[in-house]
Amino acid sequence: MALIAGSAATGLGQCAGVASTPGSAADCVAHATPQEKTVTLDATHSYSLAELIDIAEHNNPHTRIVWERAKQKADELGIARSAYFPVLAAAAAFGDQRIINPFPKPLAPRGYVMVEIPAVVPEVTLEYLIFDFGKREAKVDAATAEKLAASANFIQANQEVAFRVASSYYKLLTAQERLQAAQETLKTAQTTQDAAETQLKNGRSTLPDVLNARAETSQAVFDMESADGDEKIARVALTEVIGVEPSPNITIDAQKSAPLPESLTMSIDALIDRAIADRPDLMAQAAEIRAADDAIRAAKAEYKPKIVLSGSAAQTSIWPTADYGQLGNASQPTWAATLGVEWRIFDGGARKGEVAIAESRRREAQDEMTEKRDQATREVWTAYIAFRTALRKQQAAVALLDSASASYSSSLDAYNYGVKNLIDVVTAARQLAQARLSSVSARSQLFLEAVDLEFVTGNLLRTQPPATKTSTQDGPQR
C-alpha cells in the first residue's frame with residue numbers, strides 16, 4: 001500500500017493528491033488546469049506503481065472528462081449565486097421621428113403641422129429581485145450539491161484508474177515471476193536430464209528414462225517460451241491502461257523485497273462502515289439526494305409571489321422642428337422606479353408537474369442510494385473474504401514450495417545413489433514446478449486483494465490508515 005500511497009505526492013497536477021474529500025476536490029478542480037501534454041515513457045527508467053498511477057491520471061481520457069464536468073458544476077454554482085445580485089444594463093437609443101400633428105386652420109394653413117424629432121436617449125436600467133420565498137436559495141443549494149457530487153465522481157474516477165493500473169501492474173509482476181519460475185523449472189529439468197544421462201553412462205539407467213527426462217526438458221522449454229510471450233503481452237496491456245502508446249518497452253520496479261500483507265487491521269463491520277462513509281460513489285449519490293431535495297424546494301417556491309424592484313434613469317435630448325411655427329429643444333434627465341409583485345395564479349398545471357417531477361427524481365435518487373449501499377456492502381464482503389483466502393493461500397504456497405524443494409532434492413540425491421527411479425524424480429520435479437507457480441500467483445494475488453480492499457472501502461489514494469498491515473510492522477500500523 002505504500003507503493004500506491006506514494007502517488008498522492010506526485011498526482012497534484014490532476015488533483016489526485018489533494019482531492020481526499022469532495023470539498024477539497026471541488027476547490028482544486030475549480031482553480032487548477034489539467035496538463036495538456038501527454039506523458040511519454042522512458043524505456044531506460046524503472047517505473048514504480050505510484051509513478052504509473054500518476055501517469056495514468058494525467059493521460060486517461062476519463063479523468064479529463066470528469067475533471068471538466070466538475071469545473072462545469074463549479075461554474076453553474078456561480079451562475080446560481082448571481083441571482084442574488086441586481087441586473088444592471090446600459091442602453092443608448094438614437095432616433096429620428098417624423099409625425100403629423102393636426103392643427104386648426106386659423107393656426108396652421110393646411111390644418112396640420114409636420115414635426116420632425118431627432119432624439120438621443122442614453123439610459124441605465126436596474127432590475128432587482130428582492131424576495132422570492134427561497135427559490136434562489138434552493139437553486140444555490142442544489143448547485144452546491146451538484147458540484148460536490150461531480151467532485152466525488154472525480155475522486156471515484158481517479159480511484160478506478162489507479163485500481164486498473166494496480167491490477168495490470170500486478171498481472172505483469174505475476175507474468176514476470178512466472179517467467180522466472182519457468183526458467184528455474186527448465187534448470188531443474190536440465191539437472192534431472194543430466195543426472196539420467198550420467199546414470200545411463202554408468203549402466204544404472206535405461207534409455208527410456210533418458211528420453212523421459214529429455215521430454216521433461218522440452219516441456220520446460222515450451223513453458224518458458226509461453227511465459228515469455230505472456231510477460232510481453234502483460235507489458236503491452238500495462239502501457240495501454242496508463243494511456244500511452246501500447247508497447248512492450250516498459251520496465252517496472254517489481255520491489256520483490258516489499259513486505260507482504262499479513263493481517264487485517266479492521267473488522268468486517270468496520271470495513272463496511274468505512275465504505276458507507278468514505279466511498280466517493282456513495283458521497284456523490286448523497287449529494288444527488290440533497291440536490292433533489294433542493295429542486296423540490298425550488299419547484300414549490302414557484303407557487304409563491306415575487307417582489308421585484310425595477311428602475312431606469314436616462315438623459316433625454318431632443319431638438320424638434322416643424323414646418324409651421326417654432327419648437328423648443330430639450331435635454332433633461334428622466335427616470336422611472338417601480339416596486340412590483342409578480343404572482344402567477346394559473347399556468348395550466350405546469351408548476352404542479354414540475355413539483356411531481358422533482359419529487360420523482362428525489363425518490364429515484366434515494367432508491368439508487370439503497371442499491372449502491374447494498375452493492376458496496378457486497379463488494380466489501382467479497383474483498384474481505386478474498387483477502388483472507390489469498391492470505392491463507394500464500395501461507396500454504398510457501399509451505400508447499402519448501403516441501404516440494406526438499407522433496408525434489410532428496411529424490412534427485414536418492415536417484416543418483418540408485419535408491420529411487422527416474423519416475424520419482426520427474427514427479428518431484430513436476431510438483432516443484434507447480435509449487436513455484438502457486439507461490440508466484442499467491443504472492444501477487446495477496447497484494448492485489450489488499451489493493452482491492454482499499455478500493456472497495458474508498459480508501460485508495462487517500463491518507464486514512466490502511467485496512468491491512470505488512471509483515472514488517474512491529475509498532476504503529478502504517
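At what angle do the axes of helix α6 and helix α9 cross? To find out, select residues 135-201, which form α6, and residues 280-301, which form α9, in this predicted model. The two axes come within 8 Å and cross at roughly 165 degrees. Because angles over 145 degrees count as roughly antiparallel, α6 is roughly antiparallel to α9. The crossing of these helices is left-handed. Colour the contact of α6 with α9 by residue class next: its residues comprise 14 nonpolar, three polar and ten charged.

Keep both helices displayed and turn to the largest pocket, which holds about 570 Å³ of space. Its lining consists of 22 residues. Select Glu 146, Ala 291, Ala 292, Ala 295 and Arg 361 to locate the pocket, since these residues lie nearest its centre. Which elements give two or more residues to this lining? They are α6, α9 and α10. Helix α9 gives the most, with eight residues. Coloured by class, the lining of the largest pocket shows eleven nonpolar, one polar and ten charged residues.

The next selection is helix α10, residues 350-416. Place a distance label between its end C-alpha atoms, which are 94 Å apart. At 1.5 Å a residue, the 67 residues of α10 should span 99 Å, so the distance between the ends agrees with the expected span.

Finally, move just past the end of α10 and select Gly 418. What phi does this residue take? Gly 418 has a positive phi of about 80 degrees.

Key
Residues numbered from 1 in each chain as written. Predicted model: local features only at pLDDT ≥ 70, side-chain atom pairs only at ≥ 80, totals over all residues. Heavy atoms only, no water. Axes fitted to C-alpha atoms, helices over the stretch in contact; angles between N-to-C directions. Helix = DSSP H or I, 4+ residues; strand = E, 2+ residues; numbered from the N terminus. Parallel < 35°, antiparallel > 145°, perpendicular 65-115°, else oblique. Left-handed = near helix turned anticlockwise from the far one by under 90°. Nonpolar A, V, L, I, M, F, W, Y, C, P; charged D, E, K, R; others polar. Expected span 1.5 Å × (residues − 1). 1 Å grid on protein atoms, 1.4 Å probe; cavity = no way out; pocket = protein on both sides within 12 Å on 5 of 7 lines; lining within 4 Å. Points joined across faces, edges and corners; volume = space filled by probe spheres on them.
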